Amino acid sequence: MIPIIYPYKVTSQSARTIRNFLKERSYETKLVYPDGNYHPKPNHFLIDWGNSTIPDWELDKVGNLLNHPCYIGGAVNKIDTFIKLKEVGVITPIYTTSPREAYQWLKQGKKIISRSTVTGHSGQGIEIITEEEELTSVPLYTQLIHPKREFRVYVFKGEVFEIREKIKVEEREPDYYHPQGLRSYVFSHVNGYRFRQVSHRYWDNRKYLTMREESIKSIAALGLDFGAVDVIYAIDQDKVYILEVNTAFGMEWTKTVEKFGNLLVSEIEKE
């Protein structure tokens, strides 16, 4: 089988990292795009890297496919994700698309995260609302969970292969996406947070076991073969919440690249 990578954008560094890993293992590998001159063949193994666009070329002629683009969209859109996860009993933050309901939450003394975009990343479009007069009409509102710890759980074909936790490693100045008021709530790269690998010896502890189970369930609910699931652990509630699923996750760590790459190789060699 010949691996073919279908990335969400031409400049995706993580997609190129995967391609280079496969090339180093003697696989003739290339990147393809929805409107390109690519011609699928039965001996092609297509890996969709976060692209929800149904391509111009005939997708059904590909020999094998990981993460069909028709399911990627459901993971990219946060409202669609919450709906699908709720259907199978996965616990997500309490959410609403109704400004009226969000207003009632504020009257009850709850803090709210408002999102002006439901397809953003790294905290884009987020505001923390604490007062009724601050509320504006946006596509999505969730009740704030704080204090918290944030994790990313990596799933491939129904198995967790890595868990990482977001850790504050440096102080950063506020920027456009993360003004001063958001810095203690948004655990993002530009706010000085980095992912640290969670040792395998902790995985069977109750908290991590729940994360693993809920993450596997989330990937299945969205119809995906693989993904990185963002998870919140609410410290005061001792409870796990699923935030979202990444279908084109960062590949800046050697161990992650090796684990995911080797899983891809095993899957390709099955065919």
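This section walks through the charged pairs, a charged surface patch and one helix-end valine in the structure. The model is predicted, not experimental.

Salt bridges come up often here: the structure holds 16 of them. As background, side chains of opposite charge can pair when their charged atoms come close. A good place to start is the pair made by lysine 157 and glutamate 267, whose closest N and O atoms sit 3.8 Å apart. This pair ties together distant parts of the chain, with lysine 157 in the loop between β9 (148-156) and β10 (159-168) and glutamate 267 in helix α6, 110 residues apart. The two partners do not share a setting: lysine 157 is partly exposed, at 41% relative accessibility, whereas glutamate 267 is buried, with a relative accessible area of 10%. Because buried means under 20% relative accessible area, the 10% of glutamate 267 puts that residue in the buried class.

Helix α6, where glutamate 267 is found, spans residues 254-270. Setting aside neighbours within four places in sequence, glutamate 267 is in contact with Phe45, Phe156 and Lys157. So besides its salt-bridge partner Lys157, glutamate 267 touches two phenylalanines, Phe45 and Phe156. The pairing does not stop at two residues, either: Lys157, Asp225, Glu267 and Lys270 are linked in a network of salt bridges.

Two further bridges give some contrast. Glutamate 150 pairs with lysine 148, the closest N and O atoms being 2.7 Å apart, and both of these residues are buried. Aspartate 204 pairs with arginine 212, with 2.8 Å between the closest N and O atoms. Here the acidic partner is out in the open, as aspartate 204 counts as exposed at 61% relative accessibility.

Acidic residues also gather on the surface without a bridging partner. Glu127, Glu131, Glu132, Glu133 and Glu134 form a negative surface patch. One of them, glutamate 132, lies in the loop between β7 (126-129) and β8 (140-143). Glutamate 132 is partly exposed, with a relative accessible area of 32%. Patch members need over 30%, so glutamate 132 qualifies at 32%.

Away from the charges, valine 76 belongs to helix α2 (residues 69-76). Valine 76 is partly exposed, at 33% relative accessibility. Not counting residues up to four places away in sequence, valine 76 touches Val118 and Thr119. Its C-alpha atom is separated by 9.4 Å from that of asparagine 51, a residue 25 places away along the chain.

Definitions and conventions:
Residues numbered from 1 in each chain as written. Predicted model: local features only at pLDDT ≥ 70, side-chain atom pairs only at ≥ 80, totals over all residues. Heavy atoms only, no water. Patch = residues over 30% accessible without salt bridge, like charges linked within 9 Å, V, L, I, M, F, W, Y side chains within 5 Å. Areas by Shrake-Rupley, 256 points an atom, 1.4 Å probe, with all protein chains shown as cover. Salt bridge = Lys/Arg side-chain N within 4 Å of Asp/Glu carboxyl O. Lys, Arg positive; Asp, Glu negative; His and termini not counted. Charge placed at Lys NZ, Arg CZ, Asp CG, Glu CD. Helix = DSSP H or I, 4+ residues; strand = E, 2+ residues; numbered from the N terminus. Buried < 20%, exposed > 50% of the residue type's maximum accessible area, 1.4 Å probe, protein only. Contact = heavy atoms within 4.5 Å.
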